[in-house]
Amino acid sequence: MSTAKNININLKIWRQKGPNAKGSMETYKLDNVSTASSFLEMLDQLNEQLINERKEPIAFDHDCREGICGMCSLYINGRAHGPDTGITTCQLHMRMFKDGDTIYVEPWRSKAFPVIKDLVVDRSAFDRIQQAGGFVSVNTSGNTIDANATPVPKADADKSFEAAACIGCGACVATCKNGSAMLFVGAKVSQYALLPQGKVEAAQRVLNMVRQMDEEGFGNCTNTGACEIECPKGISLENIARMNREYLKASLT
Amino acid sequence: MAKSAFLKSSLAKKYWMALTGLFLCLFLMGHLAGNLQLLVPNNALNFNKYALFMTTNPAVKILSYLTYISIIFHAIDGIMLTIQNKAARPVGYAKSNPSANSPWASRNMAVLGTIILVFIVTHMVQFWSRMHFDQNMPLQTIAINMQGMPQEFYVTTDGGYLPKMQVDQKMIIIKDRTDFYDAAANVKIKEGYKDLYKITVAFFQDAKYGLIYTLLYVVAMIVMGFHLLHGFSSAFQSLGLNHSKYTPAIKTLGKGFAILVSLLFAVIPVYIHFFLKA
Amino acid sequence: MALDSKIPQGPIAEKWTNHKNHLKLVAPNNRPKIDIIVVGTGLAGASAAASFGEMGYNVKAFCFQDSPRRAHSIAAQGGINAAKNYQNDGDSTYRLFYDTIKGGDYRAREANVHRLAEVSGNIIDQCVAQGVPFARDYGGMLDNRSFGGTQVQRTFYAAGQTGQQLLLGAYSALSRQIGLGRVQMFNRHEMLDLVKVDGKARGIIARNLVTGELERHSAHAVIIASGGYGNVYFLSTNAMGSNVTAGWKVHKQGAFFANPCYVQIHPTCIPVHGTNQSKLTLMSESLRNSGRIWVPKKKEDAEAIRAGKLKPTQIAEEDRDYYLERRYPAFGNLVPRDVASRAAKERCDAGYGIEANDTNEGVYLDFSTEIQNKGKQAAYAKGNHNPTAEEITQLGKQWLEEKYGNLFTMYQKITDENPYETPMKIYPAVHYTMGGVWVDYNLQSTIPGCFVAGEANFSDHGANRLGASALMQGLADGYFVLPYTVSDYLADDIRTGKIPTNSSEFDAAEKRVKDNIDRFLNNNGSKSVDYFHKKLGLIMWNKVGMGRNEQGLKEAITEIAQLKEEFYKDVYVPGSANELNPELEKALRVADFIELGQLMAMDGLQRKESCGGHFREEYQDAEGETLRDDENFKFVGAWEYKGDDITQEILHKEELKYEFIKIAARNYK
């Protein structure tokens, strides 16, 4: 933690022209970074400096900048979303760093998340997993049953919500030594498995989503628990266990 | 309907890993119970009786085949998982700080497992293969004072004794490693116990290498301890058994199991090398 | 061109039903012959695309993010309104309708708002059926809470992440259709122009943001659901990528742009910290249920706080000015957003602001009273009737943590201050834009075949939106309005056949886009896009912000004209056209923001009254409250594009008729 108002830092950032280009870590120096800035605002500042020097700015993904859209990523100093827990990179503030620090910034590394440019990766594998079964097959109509017709135990509703809080950022994959996506898939499977509305298709859902997950080239879970620690939304490992259970059940019946 | 990929999906691999792992934990308990007899003074005969039972009882045989299969499956599955997991991240990180989010053992199961596999192989060469195949496997003998003269006897499975002298004088010959034959009649008269106790003690008390063997064994047990430290509770998670009420207990149990089992295993050679009088 | 709102005849409660009954249909076997483009995948876009896919149309959906799930609807915290009356507090479709009209300061269309209230209940049913995990009570029933500007509990919520859960619900429905092949999804694509053939919207030009390729996509109808334009202020609670480009391009192709000056400034955001700040973070309106807003009574105290010599906790109770409670005793800290925002600005302008930033803009949101109250209640509930002061404080803080833990943590991460110990600092920030592309009752713009939904249209919120109504409108449009009205339009297109993309109209549109891109890349200026965006933001915030006056608005119009000239002359956009180029994306968006900014100032200038989010300093009463002019300004101001010079745009007026609600002054005292 830094108490100074402004700090000077060194950055080592992955630069890669395009999907098939060879990349490398490049070194940058940035002065007068306000410790009240977010990490992404610091990158904005660096880009402004690069543009003024007529150099190509660094491409990175970001959008809402309040920790909910899941667009920002970045592996900072060896950790997904940087050296803090329960946050996304856009919520990481520069007061977490000290004057003179060297900060490593890398893209998510996974076979299923190929680099598009610099720090930007393609996470559409997550979309395809969702498309394989992450839904309840109900069409739009003005006359589904009344929302209160089926009571849902509060504990189930709360757990379902906690699983549904996943923002699909991919930190779980990035941080997992195996590049496994099971926390993401487990959370989706759990959200629906816990609700009566989702139970109808539960077996098919888990089989389809796991199949898609495997096809995308994610690694296997070895229960290191790193994903749970680095998940900005604190999604619990319980969800992976629930997926395991659901899959077992679906496979045996 | 999606087809279940129960044998090849990523989740199925986890199940097999967990099931074989847990089965091997059971095996460890059984093995440990047997080994602990080595700590009981003057217990060589009982130990060898136990060894005979373990190698001949049909039920135990089934279990041991299951154990071999489990070990092989566990290892192959582990290797496959490791290969796939490595492939899932073709480009690594320039800087990584995994200790911030996961225990060391959980990240090194493959390395730990490989060391254990090497240990198992050497261990089997040292003891299991001798027990099963060594033509020069010694048989259990006992020294009994006869008229002030210590005389050695073979202990036979029917609870009787055969004077070693008779074998030395070729009146009785040993066939098939354990069978005593009347040399003249060429008839099997009795059966002896393979002296596993003796070779175990001799192994760890070997004048030249005994200390090294003991140390290596202890190291192997530490490695196994770390493997179990993660593996035990991890197996439950893989099988979908995670519950806020019970998981903490399973984790504590797993830690206790890992520490206790490896500690007790390790105590035995240390005792034999440093404390047991030959 | 006269504006025809196409409001159906008949009693207000029967308009929508009757209208639906008479809309034309497209038979299921004909739907696969028809293509629909949906731009944007927020609540409105995703729900529309999913519904069209389910119906059997060929749908192409576009979003600039890397996944449809990231649309900024996801950031809505508080909740979604629906007239379910689950809490038995007398709620009804009529009351939701009435509250929304009143909250909008009588500048919204009655018929649209009533339809919104009618379908609000269906939205909740639909979302629950989809597996949206709303908050529930211990009986397993859905829970509700109340929001600003209402007297009933009709807000459904999922912790502080309601928008996320609803969007993920719509995203799941959309994903299902993508998986089934009925919707083709184009991630990381940005619509850069609309293609009209024979006066009808027939396609778009989109840029693949990864390869830079310009793509032609044709369709029989184009739905714009691209969100609001709050980022015209540079600093806002919008996502960094939120932009007006899709809406502005259809405006340039002939769609009228309505009420651009109606902007909602949300009262509870974290104040600006410095010049490198890129966005503002909202603290949910629900915090006003528990927090009291104040500034010091004495100017010297405010100065001392700013200088770091005094802490807020050192200011005695009698030296604090709880200005909302003082001015609006009936609603107190729960007045509507526009009222609360203006009151904060008034205090800060008068020199009582407490934040040590460039503008001293910040007020306190203090939870200490609530800590004491709830602490005492909690102690009593536990059977402790003589709690010590420490026990009370501890229990009170515990209560706060259960209720707002996420928000408090978020605040602490951003500001490095502990809101349990010291009051939060807050200040209003741009949050939502009520204005947008003008649409008729069918949500069709003045371009046939071009429909606009959600925040992108001007629609239902009049001059001020009530909390928890944006989510309601987005989903109402996408799930329950567009499927009917778009089908009605498409009923004439079953024989049209595929729209070719090699026509001269597509050639021309693509050329427009390409020229624009080349112009930026070849400009060789000296300043970054952000430099201009920040400059525009400052003009907008200072002169077209919370308080506006004739002189400021006129200055804004000329200053923006100068800025536009400077922008095109001196902007530097690095990189090339055929790669991922975020600076180019920004340049294209800022170009549209600049033009829109000018139109907003013009709209503010013509509207010589104060209403909702539009506060003209000349039109206020003695106590500083808004003065509406129903006689002269009870209309929707819809602007028609007339070429590059925005000041030449022509204003069209759609008179608002209040047949079912008696128009009155808004009073929250």
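This report walks through a predicted model, looking at its chains, its sheets and its nonpolar cores.

**How the chains meet**

Let's start with who touches whom. Two pairs of chains are in contact, and chains A and C share the most contacts of the two. Chains B and C are not joined by any contact, and their closest C-alpha atoms are 14 Å apart.

Chain A does meet chain B, with 42 residues of chain A in contact with 39 residues of chain B. On chain A's side, at least two residues each come from β5 (102–106), α7 (202–215), α8 (226–230) and α9 (238–252). The top contributor there is α9(A), which gives nine residues. Sorted by class, this side of chain A has 14 nonpolar, 17 polar and eleven charged residues.

**Chain B: two domains and a sheet**

Now for chain B by itself. Its domain assignment gives domain 1, made of 10–87 + 102–134 + 196–275, and domain 2, covering 141–191. Measure between the C-alpha centres of these two domains of chain B in the model, and you get 36 Å.

Chain B also has an open sheet of three strands, in the order β1-β2-β3, with antiparallel pairing. Its edge strands are β1 (141–146) and β3 (161–163), and each of them pairs on one side only. From one strand to the next, the twist averages 45°. Take a look at β1(B) and β2 (residues 149–155) of chain B: six bridges join them, and they run antiparallel. One place to spot this is B:M146, whose bridge partner in β2(B) is B:M149.

**Chain C: another open sheet, and a buried strand**

Over in chain C there is an open sheet of three strands too, this time in the order β3-β5-β4, again with antiparallel pairing. The edges are taken by β3 (80–81) and β4 (144–145) of chain C; each has a single partner strand, so one side of each has no neighbour in the sheet. Two bridges link β3(C) with β5 (residues 155–156) of chain C in the antiparallel sense. Within that pairing, C:I80 stands opposite C:F156.

Elsewhere in chain C, strand β12 (residues 263–269) has seven of its seven residues buried, so the rest of the structure largely encloses it. Five bridges join β12(C) to β16 (residues 424–433) of chain C, and the two run antiparallel. Here C:H266 has C:A429 of β16(C) as its bridge partner.

Here are the three strand pairs side by side:

| Strand pair | Bridges | Direction |
|---|---|---|
| β1(B) and β2(B) | six bridges | antiparallel |
| β3(C) and β5(C) | two bridges | antiparallel |
| β12(C) and β16(C) | five bridges | antiparallel |

As a bit of background, strands of a sheet pair through backbone hydrogen bonds, and they can do so in a parallel or an antiparallel way.

**The nonpolar cores**

Which residues touch the most other members of the largest nonpolar core? Among its 323 residues, those are C:I36, C:I223 and C:I224. Helix α16 (residues 582–606) of chain C supplies the largest share of this core, with 13 residues. A second, separate core has seven residues, including B:Y154, B:L162, B:I172 and B:F180.

To see one of those well-connected residues up close, pick C:I224. Leaving out residues up to four places away in sequence, C:I224 touches C:V39, C:G40, C:A246, C:G247, C:V250, C:V437, C:C450, C:V452 and C:A456.

Definitions and conventions:
Residues are numbered from 1 along each chain as its sequence is written. Chains are lettered from A and ligands numbered from 1 in the order in which they are written. This is a predicted model: local features need pLDDT of at least 70, side-chain atom pairs count only at pLDDT 80 or more; totals for chains, interfaces and linings use all residues. Two strands pair if DSSP finds at least two bridges between them. Helices (H or I, at least four residues) and strands (E, at least two) are DSSP runs, numbered from the N terminus. Axes are lines fitted to C-alpha atoms, for helices over the stretch in contact, and angles run from 0 to 180 degrees between N-to-C directions. Two residues are in contact if their C-beta atoms, placed from the backbone, lie within 7 Å. Ala, Val, Leu, Ile, Met, Phe, Trp, Tyr, Cys and Pro count as nonpolar, Asp, Glu, Lys and Arg as charged, and the others, Gly among them, as polar. Domain bounds come from an automatic or database domain assignment. A nonpolar core is a set of buried Ala, Val, Leu, Ile, Met, Phe, Trp, Tyr and Cys residues joined through C-beta atoms within 7 Å. A residue is buried if 20 or more other C-beta atoms lie within 10 Å of its own, exposed if 12 or fewer, and partly exposed in between; C-beta atoms are placed from the backbone.
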